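Please open the model in your viewer and keep the sequence panel beside it, so that each selection can be followed in both. The tour goes from one selection to the next, with a short account of what is found at each stop.

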Amino acid sequence: MGLALFMAASAFSQFTRQQAIDLVLNTILSADTGNINVYCAYEPKTSPQNIFLDTGDSVACPYPGNWVFFSDDDPSAFWAHQARFIFVNTLNGNYSLIEHSMLPVDLYSAYELVKSISYPLTVQLPEYTGEQLTLAEPNDHLYAVLVGTTQQPTFWYNTSMIYNTLIDIYGYKKENIFVHFHDGTGGTWNSDDLDGPVIPSDDIDYASNLERFDTTFYNLSGKWNNDPAIPELGPDDQLLVHLDGHGDSYHLAIKGSFLYLLNNQLLFDSTLARYLKDVKCSQLIVTMQQCFSGGFIDDLKDFENYDVKCKNRYIASASDYDETARYELHVVGLVQNIPIPIFGEFDFYLYSALRGWYPDVIDDPLIEPWETSYPIGEFPFTQIPSLYDHPADYFPDFNDDNVIQMTEAFVYMNDFNTWSPFMYYNPWDNEHTDFPRNDYDLPFEEELLSPSGISGTIESSQSIPGRSYMLGGNLKLAPNVTLTLEENTELYMVIPDNEIYVGQQANLILQNNTSVNSTSSLNMLTVTGNIALEGSVSFIAEEEDGLSVELNNPFMDIELESALFENTNLLVTLNEFSLTNSILNNRKISGGFGNYIISNSNFNSSCIHLFNADYNGRYINITDNCNFTNSSVSSAIEIENYPNFRIENCLISGFIDGVGLYNCGYGKKDHLISSNTIAENSAAGINIYRSSADLLHNEIENNRMGIKCFDRSNIHIEGNNTIVTQSIRNNELFELLASEASFPQYLQWNLIQDDDNEPGDQLIKYTGSETQLVFSNNCWGNNFNPEKDLYPVGDYIWEPMWDCAIGSGTGESSESETLYFEARNKISLEDYTGAKIDFKQLVLFYPTTKFAQSALKELYALEAFVTNDFEDLKIYYNSEPNIANNLDLSKVAGFLANFC
């Protein structure tokens with residue numbers, strides 16, 4: 001600030017206002033009046049009255065009576081910049097001049113504009129009648145702090161435009177946008193309602209002073225907890241901060257800058273950095289319209305001195321650390337025929353690009369920044385005379401992902417900023433330029449950050465450090481790209497129906513303690529390439545249908561170890577899938593096609609449903625201490641159309657069916673259920689439909705039914721003849737229920753018992769037409785009564801009984817049984833031709849036995865591995881005399897012939 005005193009000769013005892021105006025314009029400022037705006041106060045001011053400035057400080061009046069003039073020496077610039085106060089003595093015309101950089105607080109209401117520059121002409125553009133704006137769904141994880149430091153209309157218009165951009169396009173909720181404006185109100189010129197009068201609201205929350213900033217930022221960081229409206233942010237949140245007001249520099253050598261606040265307070269660059277250092281959000285976006293705002297950048301990215309919690313930062317400023325910022329003058333221009341520009345040019349173009357729409361540019365009668373006018377890409381710049389040679393508008397989605405990222409918006413702003421010599425430069429005053437600055441401090445090689453979070457396409461292979469990242473849209477790995485998420489990385493998917501897509505030949509590597517988290521519904525991690533876990537990795541959803549991991553590459557083998565799936569479905573179509581030492585809570589694995597190897601894993605309220613193998617060599621192995629507990633709405637293991645399976649050493653309890661098999665077991669390898677504990681299931685322990693299954697050494701207890709065998713299944717149920725290794729007991733209705741042609745062909749050395757043995761509560765029930773069914777050498781427990789416990793009465797050969805308390809087996813195998821097991825042994829040795837001969841021998845020599853019926857079923861399963869001539873097998877089923885002459889065999893053969 002500088003003060004100069006001058007004497008002006010006067011023949012008048014009273015120096016009038018008009019004389020003062022003539023003196024200032026024609027003498028004092030005559031050399032500059034083509035380039036400045038000059039204002040004169042309507043009323044004289046008397047000492048000791050002060051001139052209060054827009055920042056809260058003041059300038060003293062030097063004379064007892066003063067005509068006060070203010071010269072804005074750079075009318076296109078934001079404050080602070082060069083200006084002058086001229087005080088003319090009302091008695092004698094003497095005057096003094098004080099250089100300053102700030103305007104009077106009442107400049108536009110208490111002063112008359114007596115000399116103005118020539119502003120660019122704007123025109124009344126026609127209204128846009130095309131497709132209108134589509135509003136975004138609200139997002140609980142997006143937060144913003146908007147700062148407007150004085151009541152100057154430009155700052156209010158900027159704030160309103162940004163406020164509505166965040167709500168309309170990105171889903172910020174009004175309660176999550178904390179607006180600090182002036183003294184906590186819109187002031188003399190403006191409303192407290194930032195989003196229009198249709199639904200009146202007070203959208204300005206707080207004053208712009210350091211005391212309020214302390215409360216806001218320290219509550220956001222969790223250091224304080226004294227404002228219930230402002231939560232502590234977490235790693236799944238994103239914060240946007242915008243500064244608008246008067247800025248200045250305090251030390252150009254170190255790029256020191258500050259923002260003027262109320263009552264002459266200053267927000268220094270270092271203070272804002274300190275406010276933000278402990279905010280634990282995933283990403284931080286800071287945009288700044290004030291002059292000298294580029295000086296904030298070095299402090300906001302100084303991670304060493306400030307030890308910041310959030311290192312993912314995007315910072316953009318309207319000017320460099322040594323430059324003033326400037327107004328938008330060409331498109332919208334001035335408000336209410338007073339030379340007060342409505343928008344800052346940086347804000348106008350940057351947030352229009354982010355919004356995808358320009359704000360209201362039609363003065364009818366006032367500009368309404370909550371309204372939109374033209375979509376980006378269709379703005380008629382060529383219709384505005386002052387924008388000569390302006391290039392055509394374009395849509396700045398350079399990476400074609402349907403999201404405008406921050407850097408895309410910045411490039412667009414820099415292209416059309418008429419003060420920036422980047423692309424289109426229109427120096428209407430032939431003197432000034434500015435250089436907007438931006439700094440992208442996210443580790444992705446691609447620039448993926450928008451106001452809604454991270455989204456876009458990963459085009460190059462890279463490793464990402466272990467931080468938190470909030471996704472605000474789809475994230476895609478292009479083909480042949482490897483993305484490594486380093487140890488302790490956390491990905492958060494916070495809006496519905498979003499996808500992380502790992503494309504063909506792409507690779508996603510998740511290192512130890514990495515997590516993919518969904519806080520919304522119907523999100524997907526889809527892998528058509530490859531995924532690898534290098535340590536313990538978690539997939540966690542807060543909502544029931546929050547996340548699905550889809551592994552969909554039928555040519556790929558994927559192994560997952562030490563994974564946690566919380567409320568996360570696992571959908572698999574692979575050549576081979578291996579899961580070990582993992583946990584699933586509240587969801588399921590579903591899929592099919594290839595091989596499945598699942599071991600040493602816990603399924604808490606979770607299940608496995610697999611179906612439709614692509615060829616007869618496929619298998620499912622669920623073994624080695626897999627535990628399935630507590631899901632009353634599904635079956636624990638449900639397998640359909642799979643040729644080979646092994647379910648072994650598992651605990652299965654608390655489901656509808658423990659195990660459900662449908663058209664399974666027709667392959668050349670295993671069809672084995674062995675050494676499992678299957679208990680407390682509300683329907684059946686094991687439910688078998690049209691399948692082959694060997695049940696060995698299981699505990700099948702306290703289910704509603706023990707074993708169900710339906711639809712011409714081929715069942716072998718066997719324990720050990722020296723000690724009890726397979727118990728089928730205390731199931732509520734039946735220990736074994738079988739339908740036509742599905743009674744086990746082998747049922748020996750089992751404990752079959754029901755302790756309560758109530759009337760009508762049979763141990764074994766058969767609903768088919770066969771008689772003389774053999775299941776000798778079983779232990780029946782106490783109170784066994786074949787007349788009551790076996791249904792139908794008299795249709796069974798159950799003796800001799802096995803005294804399992806003693807343990808020694810006494811039964812001898814029949815010739816048909818011996819031949820049957822010899823044939824099955826040949827299958828395990830891959831002697832398929834020999835097995836086929838043996839099974840036909842059973843039909844030929846022992847047609848009345850249960851093993852002959854089983855042989856017919858085995859022949860069907862075996863044919864694909866011998867001659868694969870199902871037409872010939874159909875002829876055999878329909879023409880073999882022993883089949884035709886035996887009612888039970890003909891029923892089974894007729895059924896199987898339908899599938900040949």
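The lining of the largest pocket is made up, by class, of 12 nonpolar, 7 polar and 4 charged residues, in what you should keep in mind is a predicted model. The space in this pocket comes to about 560 Å³. To find its centre, select Ala 136, Ile 169, Tyr 170, Asn 402 and Val 403, which are the closest to that centre among the 23 lining residues. Then colour helix 3 (153-170) and helix 8, since each of them supplies at least two residues of the lining.

Stay with helix 8 and select residues 345-355, where 11 of the 11 residues are buried. The buried residues include Phe 346, Phe 348 and Leu 350, but also Glu 345, Asp 347 and Arg 355. Step just past the end of helix 8 and you come to Gly 356, whose phi is positive, near 80°.

Next, select Ile 531, Phe 539 and Ile 764, which touch the most other members of the largest nonpolar core, a set of 187 residues. Helix 3, which you have already coloured, gives the most to this core, with 9 residues. A second core, separate from this one, has 34 residues, among them Leu 261, Leu 284, Val 286 and Cys 310. If you return to Ile 531 and leave out residues up to four places away in sequence, you will find that it touches Leu 508, Leu 510, Leu 525, Phe 539, Leu 551, Ile 558 and Leu 560.

The last two stops are aspartates in loops. Select Asp 183 in the loop that runs between strand 11 (177-181) and helix 4 (210-221), and show its side chain, which makes a polar contact of 2.7 Å with the side chain of Thr 185. Beyond its neighbours within four places in sequence, Asp 183 is in contact with Ala 207 and Leu 262.

Now move to Asp 320, which lies in the loop between strand 17 (313-317) and strand 18 (334-335). Setting aside residues up to four places away in sequence, Asp 320 touches Phe 292, Ser 293, Gly 294, Phe 435 and Arg 437. Is Asp 320 buried or exposed? Asp 320 counts as buried because its relative accessibility is 16%, and the cut-off for buried is under 20%. Asp 183, by contrast, has a relative accessible area of 42% and is therefore partly exposed.

Definitions and conventions. Residues are numbered from 1 along each chain as its sequence is written. This is a predicted model: local features need pLDDT of at least 70, side-chain atom pairs count only at pLDDT 80 or more; totals for chains, interfaces and linings use all residues. Side-chain values use heavy atoms; hydrogens and water are left out. Helices (H or I, at least four residues) and strands (E, at least two) are DSSP runs, numbered from the N terminus. Buried means under 20% relative accessible area, exposed over 50%, partly exposed in between (1.4 Å probe, protein chains only). Contact means heavy atoms within 4.5 Å. A polar contact is a pair of N or O atoms within 3.5 Å; within protein, one must be able to donate a hydrogen and the other to accept it, and residues adjacent in sequence count only if both atoms are side-chain atoms. On a 1 Å grid over the protein atoms alone, a cavity is a set of points where a 1.4 Å probe fits but cannot get out, and a pocket is an open set with protein on both sides within 12 Å along at least five of seven lines; lining residues have an atom within 4 Å of a point. Grid points are joined across faces, edges and corners, and a volume is the space filled by probe spheres set on the points. Ala, Val, Leu, Ile, Met, Phe, Trp, Tyr, Cys and Pro count as nonpolar, Asp, Glu, Lys and Arg as charged, and the others, Gly among them, as polar. A nonpolar core is a set of buried Ala, Val, Leu, Ile, Met, Phe, Trp, Tyr and Cys residues joined through side-chain atoms within 4.5 Å.
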